[in-house]
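Me: I'm new to this structure and would love a close look at a single part. Could you pick one strand and walk me through its surroundings?

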Amino acid sequence: MTPAVRVPEELSARVPVEQRGPGLDRDAVRMLVSRGAGVAHHMFAELPRLLRAGDLLVVNTSATLAAAVDGWIGHARVVVHFSTRGDDDGRWAVELREPDGRGTTRARAGGPAGTEVCLPGGVRLILAEPLSGRSERLWWARVAGPGVAGLLREYGRPIRYSYTERDQPLSVYQTVFALPSADGAGSAEMPSAARPFTARLVAELVGRGVRFAPVTLHTGVASAEAHEPPYPERFAVPGASARLINATKAGGGRVLAVGTTAVRAVESAAGADGVVRPRAGWTSLVVTPERRVRVVDGLLTGLHEPEASHLLMLEAIAGRAAVERGYEAALQGRYLWHEFGDVHLVLPGQSRDRPLTQSIAQATGSETGPCPM
């Protein structure tokens, strides 16, 4: 992968598109379309005329949690990002961060085991062990006191990063496909590729013969600084969606994933024969050019920083050259990055060659005790 760099600051979307001017809706973002050697510029609202009857959009129904909560370790303030709910043992994977004085946070060292974090409402976390041997950023924590679901409802707020202008209500981070989970699970960060969809646009797509297959993948807290590969995440591909995906492939239609989370879910449920079967549980799959994709033909996604592991997934679908051309066009066209930014429709090209080089990075330039009450 490329060295750690950031998108130029002026290309970070600081507020949602509907807050940038009167009369704008979520579908008013721009959409770059990469298809093999070709690159085209569109508005997202044009998506229905760019797809065709028989296409299938795989969408993630995971709801975004108000996953950031203020807490204390002794007298020191911390912000807890609740990343991933465990199975039935009541544990949560969490990331501890430091307030930066500007309404956002910065990284802090994790651990050690046994550290107690005091939270509002009488909830306490006791750090148990790192989630992975690769990093100590995320820790499994035991929860003492009232449950996490009530804590997040009462005291939580959406996770916010420093490139955004201000706090936003949780509704801004929910997609039109989001469904609440009975067990309180959800995504620590919004499955943002689906954010531009509106009910009106979905109805137009259905009217043109485009179908939808819901899946669920609860995405954890991203590695904002180090851009680590994704950790194991909980997912589910229901039987009805598996059958619809298989029927689309058999009938010659295109399976287009809305977001990298949808790709991870579908590909985790696909066998080596390319058949998708109903599955639910945890997935550790990381889609790379070496692993390739077995089911997904195309991807609608946001624009990712050049060092992000998601670019390997894009390359697996479209090939290195197509991804490089797309990102060069996005930079030249002044597209906006991150969860409130513009989107990229990636369709497969003819060549899927060596991994991405440093060219994208070069094109972007440089960067991005007692419980007080």
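Reply: Happy to! Let's take strand β3, which is covered on both faces: Leu 56, Val 58 and Asn 60 on one side are buried, and so are Leu 57 and Val 59 on the other. Here, buried means under 20% relative accessible area, exposed means over 50%, and partly exposed lies in between, with a 1.4 Å probe and protein chains only. Taken as a whole, β3 spans residues 56-60, and 5 of its 5 residues are buried. Strands are DSSP runs of E with at least two residues, while helices are runs of H or I with at least four, and both are numbered from the N terminus.

A word on the model: it is predicted, local features need pLDDT of at least 70, side-chain atom pairs count only at pLDDT 80 or more, and totals for chains, interfaces and linings use all residues. Residues are numbered from 1 along each chain as its sequence is written, and side-chain values use heavy atoms, leaving out hydrogens and water.

Now for the neighbours of β3. Two strands pair if DSSP finds at least two bridges between them. One partner is strand β11 (residues 211-218), which runs parallel to β3 and is joined to it by 5 bridges. Within this pairing, Val 59 has Pro 214 of β11 as its bridge partner. Another partner is strand β13 (residues 255-258), and this pairing is also in the parallel sense, over 3 bridges. There, Leu 56 of β3 is matched with Val 255 in β13. Both Leu 56 and Val 59 are thus familiar from the buried faces described above.
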